[in-house]
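Let's walk through this structure together, one helix and a few side-chain pairs at a time. Keep the viewer open as you read.

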Amino acid sequence: MSFTEPSPTATALLLLGRGSDPSSERGVDCPGELPSPSDPDLVARAAAAKAALGDRLFILGHHYQRDEVIQFADVTGDSFKLAKDAAARPQAEYIVFCGVHFMAESADILTAPEQKVILPDLAAGCSMADMAVLGQVETAWERLASLGLADTTVPITYMNSSADIKGFVGRHGGTVCTSSNAERALKWAFERGERVIFLPDQHLGRNTAVLELGLSLDDCVLYDPHKPGGGLTGEQLANAKMILWRGHCSVHGRFTLDSVKEVRERVPGVNVLVHPECRHDVVLAADFVGSTEYIIRTIEAAPAGSKWAIGTELNLVRRLGNAHPDKQIMFLDRTVCYCSTMNRIDLPHLVWALEELVAGRVVNEITVDADTAHHAKAALAQMLALP
């Protein structure tokens, strides 16, 4: 057996749409008649709508999407790869992005003005991206400026951030990074300034700075936007090499050192493979660390019979397990954990969005204002130009 399914929990069933929690829902309703998830014709309806739209349609599917959605994707990949793929298809009138909001924003920034980017469910956001709000970041920058530190500080934002934050970074001469090129982005930044403010994922920033650049944990400080002055003194900010924003991924942040210890005791000879969005102690305890694309390549190249505990989103881990039955692949945690907002893009929402396009109605279009898009595109271009 190539994949061991984690134990279901009440939370997991909620994230799969088999329950509801009114206190936590974002309150975004589908502006139309959403097909029933029990409709036996959903697959046929999606296929028919896609065929009717032909080359006018291009469907992007993030690696963390459900299999029921991925089957209709023209390309799959991580967020930036998909945005670039969309930009490379200028003949596509409609870009349906099966991912989350910040990814669709990036696609809108990189595609032509006449192309329309559609997110099947507007409530598909990203908790990490939501942890860095433009007003908070501007307040932090004003603090640095008041201390005379802004001119020697270079802002970097992870791809998993809003267009507003990418625009802020572009206006202040910074760059965007992915989990694959974070090391190159930091090296570039330190050639231009004395310190970096890294948004919004503290774990990727810390892991890259310490494990790839050789900085110490003491070189890193954590800026909490909910505390006065970020909870840091002027001296702490001046002495820091890395000002880490207090943000994290709700999926990768759940993996713990105990998870690693438990799987090693339970499965002798297991290889632990994790994403750099995981906590620092988890990354230190792992055997392999890398981006989503790195995780996929590592499993593809692994020898038959090898054992792997993977610390990333469950949809991808399950898909890898099913694709490689000659290897023993398991989720690093013992219980189910999906990306809840990514899982909002399900087959009923996809069918609804496609059938609306067939009827000539553009729904859930994602647009970024021209000024923000201009500066965000500059930050993305700087990332592409990294040495």
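A good place to begin is Gly 148, which follows helix α7 and has a positive phi, near 75°. Helices and strands here are DSSP runs numbered from the N terminus (H or I over at least four residues for a helix, E over at least two for a strand). Before going further, note that this is a predicted model, in which local features need pLDDT of at least 70 and side-chain atom pairs count only at pLDDT 80 or more, while totals for chains, interfaces and linings use all residues. Residues are numbered from 1 along each chain as its sequence is written, and side-chain values use heavy atoms, with hydrogens and water left out.

Now step back into α7 itself. This helix covers residues 134-146, 13 residues in all, and spans 18 Å from its first C-alpha to its last, close to the expected 18 Å at 1.5 Å a residue; the expected span is 1.5 Å times one less than the number of residues. Which residues of α7 are buried? They are Val 137, Ala 140, Trp 141 and Leu 144, where buried means under 20% relative accessible area, exposed over 50% and partly exposed in between, using a 1.4 Å probe and protein chains only. These buried residues cover an arc of only 100° around the axis, so they sit on the same side of α7; the arc is taken from the directions from the helix axis to the C-beta atoms. An α-helix has 3.6 residues a turn, so residues three or four places apart point the same way. On the other side of α7, you will find Glu 142 and Ser 146 exposed. The buried residues of α7 pack against several elements, including β6 (153-158), α8 (163-171) and β8 (195-199), with contact meaning heavy atoms within 4.5 Å.

Trp 141 also leads us to the aromatic pairs, of which the structure holds four. Rings of Phe, Tyr and Trp (its six-membered ring) pair if their centres lie within 6.5 Å; planes under 30 degrees apart count as stacked, over 60 as edge-to-face and the rest as tilted. The rings of Trp 141 and Phe 168 are edge-to-face, because their planes stand at 85°, with centres 5.7 Å apart. Since Trp 141 belongs to helix α7 and Phe 168 to helix α8, the pair ties together parts that are 27 residues apart in sequence. Trp 141 is buried at 11% relative accessible area, and Phe 168 is buried at 3%.

Another pair joins Phe 288 and Trp 308, whose ring centres are 5.4 Å apart and whose planes meet at 45°, so this pair is tilted. Phe 288 lies in strand β12 (residues 288-289) and Trp 308 in strand β13 (residues 307-311), so parts 20 residues apart in sequence are tied together. Phe 288 is partly exposed at 29%, whereas Trp 308 is buried at 4%.

Strand β13 brings us to helix α14, as the buried residues of α14 pack against β11 (271-274), β13, α15 (314-323) and β14 (328-331). In α14 (residues 292-301), the buried residues are Thr 292, Ile 295, Ile 296, Thr 298 and Ile 299. They fall within an arc of 165° seen down the axis, so they line one face of the helix.

Lastly, look at the cysteines. The count of disulfides (pairs of cysteine sulfur atoms within 2.5 Å) is zero. For Cys 177, the nearest cysteine sulfur is that of Cys 126, 14 Å away.
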